[in-house]
Structure formats: structure tokens, C-alpha cells
Amino acid sequence: MSVSNQQIADLTKDATEAANLILEHIENGDVIHVSSHVDADGISAGGIMGKALLRAGAMFRLRLERWMDEKVADRIAEENAALTIFTDMGSGYLDLLGERLAKKDVIILDHHQPVAEAPSSFVQVNPHTHGIDGTRDISGSGVAYFAAKALDKKNIDLACLAVVGALGDLQDKNKERKLGGVNKVIVQDAVKSGFLEVETDLMFFGRETRPIHQALARTTNPFIPEISGEEDKSLAFLVNLGIKPKRNDTWRALRDLSSDEKKTLLSAIADHLVSKGLGGDIVSDLVGDVYTLTTEEPWTPLRDAREFSVLLNATGRMDKAGLGAAICMGDRKKCLEQATQVIQDYRGTITRYLRWVTEKPERLEEMESIYVVRGDGFIDEKVLSPVCTILSTTLTQLGKPIIAYATISGEDQVKISSRGSEPLIQKGLNLGDIMQFAAEKYSGRGGGHDVAAGAQVPIKNVEAFLKLVNDSVKKQLAGEQIGN
Ligand code: C5P
Ligand code: ZN
């Protein structure tokens with residue numbers, strides 16, 4: 001969607017109000033509490049805010065939260081900070097936060113759909129309040145970047161982190177695989193600052209630095225059965241096509257392929273997808289804008305912005321979000337070594353679960369209007385969300401949203417993730433509304449974006465919840481209101 005200059009000016013005005021409040025508290029010598037979401041966008045957002053506060057000489061603590069609920073909101077309220085800043089979270093829980101923090105200074109830098117009016121003491125910067133699409137046109141880290149830039153123009157070097165965050169939230173999930181809307185302005189800032197380069201090409205991971213079969217195996221958007229996560233099979237696939245993986249004794253990288261070889265590879269992947277019962281045209285997802293962080297070392301996972309976002313996601317999912325935030329704030333060496341190990345563990349875990357789901361057709365259970373993956377007892381709830389995202393990248397052709405759930409250890413709750421597709425959104429699907437409505441009906445909490453949303457509900461209510469989700473999807477796609 002295109003965004004007008006007026007909308008950007010409105011967002012900037014709110015961000016400036018937030019920045020002024022932050023400066024006031026810094027001058028008072030207050031300790032500022034920052035809470036951010038634990039996914040790639042949330043970690044980037046927290047990193048941007050953390051770095052901006054550090055530069056401004058603020059005293060602050062940064063905490064990365066798995067989700068928001070009564071317990072978390074109570075804990076944050078007990079911290080009794082003079083100023084609490086929420087990044088990439090908050091707008092979906094204005095009711096909860098309003099009850100507990102109404103008398104405090106609170107800043108919300110978020111892109112989730114606001115569920116209620118913000119109390120007058122809150123400064124909320126949110127694209128939705130200006131008619132900007134928070135799902136595609138700007139992410140939580142983008143909003144945090146606007147506030148950071150309003151704090152100090154020098155923070156323009158943090159724009160590339162907002163690009164990483166937006167890609168982490170799949171805001172490039174369009175035909176051209178390109179960031180648009182307000183993100184375009186952020187990309188321009190990042191390029192202007194000298195930290196980012198953009199070009200259109202094949203988007204396999206590590207296209208400059210890895211042997212082709214490894215780059216192929218690391219690519220999960222779209223998820224290509226028997227290639228994603230499978231280096232040996234990827235190598236065999238290339239050899240079968242007559243694409244030489246080595247020149248002399250050296251592995252070739254994707255950049256070494258001729259344009260004919262690239263075409264051969266793409267059309268073979270399309271055929272392969274069709275042979276797996278999937279639409280060959282999702283292969284177009286493999287061509288798009290490539291965002292390169294030019295000051296990062298070429299052989300690190302930080303060089304390609306999409307790979308950077310996967311690294312952050314991995315740290316978040318594997319309980320090492322602090323490591324991700326430290327990298328965003330500039331730590332390298334030891335932190336990067338540790339994060340590289342985390343990402344390997346994470347890839348292994350996800351590949352195992354994806355194999356589990358795809359090896360038996362009944363594990364992707366078809367209901368009238370949705371697909372359900374019952375991961376309870378098998379999928380670790382911490383990686384449910386990326387597993388669901390990766391599955392959804394191949395399911396666009398199936399024409400129904402996917403809902404996956406897993407048990408939360410130590411609690412009698414399940415975590416639910418849901419993902420839709422662009423054509424379904426065009427027909428009226430809004431998973432954020434459905435997750436919120438169905439979870440609240442069954443003693444849980446839910447919310448999120450039209451295309452990606454989540455919930456937590458008591459285990460005993462899962463069946464009823466799924467049935468209501470199924471009915472609600474059917475209603476929305478028929479143009480009816482849910483809840484009637
Ligand atoms: O957890 P998952 O990645 O599936 O969530 C998808 C989106 O839904 C995220 O943006 C998340 O913040 C949001 N969400 C929410 N409320 C929940 C669970 C998820 O707003 N209870
Ligand atoms: Zn986000």
C-alpha cells in the first residue's frame with residue numbers, strides 16, 4: 001500500500017512526542033524500563049531503543065518478553081519505573097496495561113492492531129492510528145527507529161536494524177519480495193547512511209558466501225520439501241540438473257551461476273514443488289530484493305538482512321534473546337560465535353519438526369476452512385511460530401489458513417500460531433481478530449495481524465477453540481462478521 005507524506009509526518013510527530021518524553025526522563029536521571037517482544041522484530045526494536053538510550057546517556061534496562069498477559073503486566077507494573085517503553089508490543093494489550101500503568105509514563109512503539117483507546121497518560125506511536133498498514137508497511141522496529149531518529153538524527157545508522165526487523169516480520173511477503181510503505185523510507189535512510197545495499201536477485205541464504213547446495217538448503221521461504229534443511233539432497237538436486245557445484249576444487253556460490261543456470265535452477269524447483277503437490281508459482285518468492293548490510297563481514301550471518309533476522313529469531317526462540325539484542329547493539333566476536341551456534345541448533349530443531357509434520361499427510365489435518373497441526377507432545381512451543389510460518393509459505397496454494405498448536409511446558413495452556421496468505425486476506429480473512437475473539441471466548445488471550453496471529457488457551461478448550469476458529473474463518477471468507 002502506498003503511504004502519503006502526511007501519514008509519515010503524522011507518525012513522525014508522535015515519535016517526536018515519545019522522544020521528548022524520553023529526554024525529560026533522562027534529564028531527571030530516571031531509570032527507564034524497556035520491554036520488547038522476543039521475535040526478530042522485537043529484538044531489533046529493543047536493540048534500536050537500547051542503543052539510542054545508551055547514546056543519549058540514559059540509565060535503562062531492557063527485557064525481552066515471550067508474550068504479554070496479566071502476569072507479565074503485573075510484573076512490569078511492580079517494577080514501578082518512572083518511564084516504561086514497550087517496543088513491538090503493547091497496543092494489543094492496551095486494556096491490561098491501562099489498568100495497571102494508567103498513572104505512569106508509558107510509551108508504546110508498536111505496529112500491532114490497538115485493541116482499545118490508549119489512556120491519556122500513554123504516548124502511543126502506532127501506524128494503525130494514522131491509517132497505515134502495520135502488517136506490511138512498518139514493523140515494531142520501524143516504529144522504534146522513528147522514535148530513535150526523533151531522539152537524535154545520528155541514529156540514522158540504526159535504520160538497517162529496522163530493515164532486519166521488518167524482514168523478520170515477513171513484511172516483504174508480496175510478489176516482488178520488496179519492502180514498501182513506510183519501510184521504503186527506512187530502507188532509503190539505511191542506504192543513505194551507507195550501511196545497506198539493495199539489489200534484485202535470487203534470494204537464497206548466503207548467496208555470496210556459501211556453496212550453492214548449502215544456500216539452497218538454508219532457504220525456507222518458501223519451504224521446499226526435501227530441499228529446505230537437507231544439504232545432501234540439495235547437492236544431489238543440483239548435480240541432477242547438470243549444475244556443477246564446484247569449479248576446479250572450489251565450491252561455487254550462487255553469485256557464480258550464469259543467468260541460464262539460474263533459470264534452469266528456478267524452473268527445476270518449480271517442477272519439484274508441483275511434483276510435491278504444491279504450486280510451482282511460489283517459486284517467484286525466490287526472486288526479490290536482497291538487502292545487504294555492507295559493513296558486516298561477508299562470511300557472517302549478519303551480512304544478509306534476512307539471514308540476520310533468522311539469527312535474531314533463533315536467539316529469541318532458543319532462550320538467548322539477550323544475545324540477539326547485544327548483537328543489535330553492536331557486540332560481535334564472542335556474541336556472534338555463540339549466536340552462530342544457536343542458529344545451528346535452531347535450524348536442526350526446526351528441520352526435525354518440519355520433517356515430522358510433512359512425513360505423514362494426516363499431521364496436516366484438514367478441516368472445512370482451516371488446516372490444523374497438532375504439535376502437542378511433539379513440537380516445542382518455543383519454535384511453533386517459525387514452524388507455522390515456514391509451513392505457511394508452501395500452503396498459499398492450498399487456500400486455507402494454517403493453525404498450529406503446542407503445549408506450554410509447566411502450564412495447562414497451549415500456544416497457538418496461525419498464518420494466512422495474501423489471497424485470503426483480500427477475501428476478508430483477519431486472523432488477528434479471529435484469534436482474539438476465539439481465545440477470549442474460551443478463557444484465553446489472542447491477537448496479532450490479519451496474516452499472522454497467535455493465542456494462548458487452556459488445553460481443555462482446544463477443540464472448542466479450533467471449531468470456533470474454523471467457523472469464524474468460514475464466516476469472514478463469506479463476507480460475514482464473526483461473533484454474530
Ligand atoms: O506467536 P506467533 O508468532 O504465532 O504470533 C503471531 C503474531 O501474533 C505476532 O505478531 C504476535 O505478537 C501476535 N500475538 C498476539 N497475541 C497473542 C499471541 C500472538 O498479539 N496472544
Ligand atoms: Zn513485530
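Mentor: Before we begin, domain bounds here come from an automatic or database domain assignment. Please also keep in mind that this is a predicted model.

Trainee: Thanks! How far apart are the centres of domain 1 and domain 2?

Mentor: Let's place the domains on the chain. Domain 1 covers 5–195, domain 2 covers 202–357, and domain 3 covers 361–477. Taken over C-alpha atoms, the centres of domain 1 and domain 2 are separated by 29 Å.

Trainee: What area is buried between domain 1 and domain 2?

Mentor: Start with the contacts: 28 residues of domain 1 touch 27 residues of domain 2. Of the area buried between these two domains, carbon and sulfur atoms give 64%, and the total is about 2200 Å².

Trainee: Which residues of domain 1 lose the most area to domain 2?

Mentor: Three residues stand out on that side, and together they make up 29% of what it buries. They are Ile43, Val164 and Arg177.

Trainee: How many salt bridges are there between domain 1 and domain 2?

Mentor: The wider polar picture comes first: nine residue pairs are in polar contact between the two domains, both partners at pLDDT 80 or more. Lys178 forms a salt bridge with Asp289, and their closest N and O atoms are 3.2 Å apart. Between domain 1 and domain 2, the count of salt bridges is two.

Trainee: Which element gives the most to the side of domain 1 that touches domain 2?

Mentor: The residues on that side divide into seven charged, five polar and 16 nonpolar. Helix H2 (40–55), strand S2 (59–65) and helix H6 (159–168) each supply at least two of them. With seven residues, the element that gives the most is H2.

Trainee: Where in the chain is Arg177, and what is its phi?

Mentor: Arg177 sits in the loop between H6 and helix H7 (182–192). Most residues other than glycine have a negative phi. Arg177 departs from that pattern with a positive phi, near 50 degrees.

Trainee: Which loop holds Asn80?

Mentor: Asn80 also has a positive phi, about 55 degrees, although it is not a glycine. Its place is the loop between helix H3 (70–79) and strand S3 (83–87).

Trainee: How far apart in the chain are Arg63 and Glu79?

Mentor: A search of the whole structure finds 30 salt bridges. One of them joins Arg63 and Glu79, with the closest N and O atoms 2.4 Å apart. The pair links distant parts of the chain, Arg63 in strand S2 and Glu79 in helix H3, with a spacing of 16 residues.

Trainee: Let's turn to the ligand. How far is the side chain of Ser417 from an oxygen atom of ligand 1?

Mentor: Ligand 1 is surrounded by 17 residues, the closest being Tyr93, His112, Ser385, Lys415 and Ser417. Between an N or O atom in the side chain of Ser417 and an oxygen atom of ligand 1, the distance is 2.5 Å.

Trainee: And which residue has a backbone N or O atom 3.2 Å from an oxygen atom of ligand 1?

Mentor: Arg419 reaches a ligand oxygen at 3.0 Å, but it does so with a polar side-chain atom. The residue with a backbone N or O atom at 3.2 Å is Gly448.

Conventions: Residues are numbered from 1 along each chain as its sequence is written. Chains are lettered from A and ligands numbered from 1 in the order in which they are written. This is a predicted model: local features need pLDDT of at least 70, side-chain atom pairs count only at pLDDT 80 or more; totals for chains, interfaces and linings use all residues. Side-chain values use heavy atoms; hydrogens and water are left out. Contact means heavy atoms within 4.5 Å. Buried area is the accessible area (1.4 Å probe) that two parts lose on being put together, summed over both. A salt bridge is a side-chain nitrogen of Lys or Arg within 4 Å of a carboxyl oxygen of Asp or Glu. A polar contact is a pair of N or O atoms within 3.5 Å; within protein, one must be able to donate a hydrogen and the other to accept it, and residues adjacent in sequence count only if both atoms are side-chain atoms. Helices (H or I, at least four residues) and strands (E, at least two) are DSSP runs, numbered from the N terminus. Ala, Val, Leu, Ile, Met, Phe, Trp, Tyr, Cys and Pro count as nonpolar, Asp, Glu, Lys and Arg as charged, and the others, Gly among them, as polar. A residue is near a molecule or strand if one of its heavy atoms lies within 4 Å of it.
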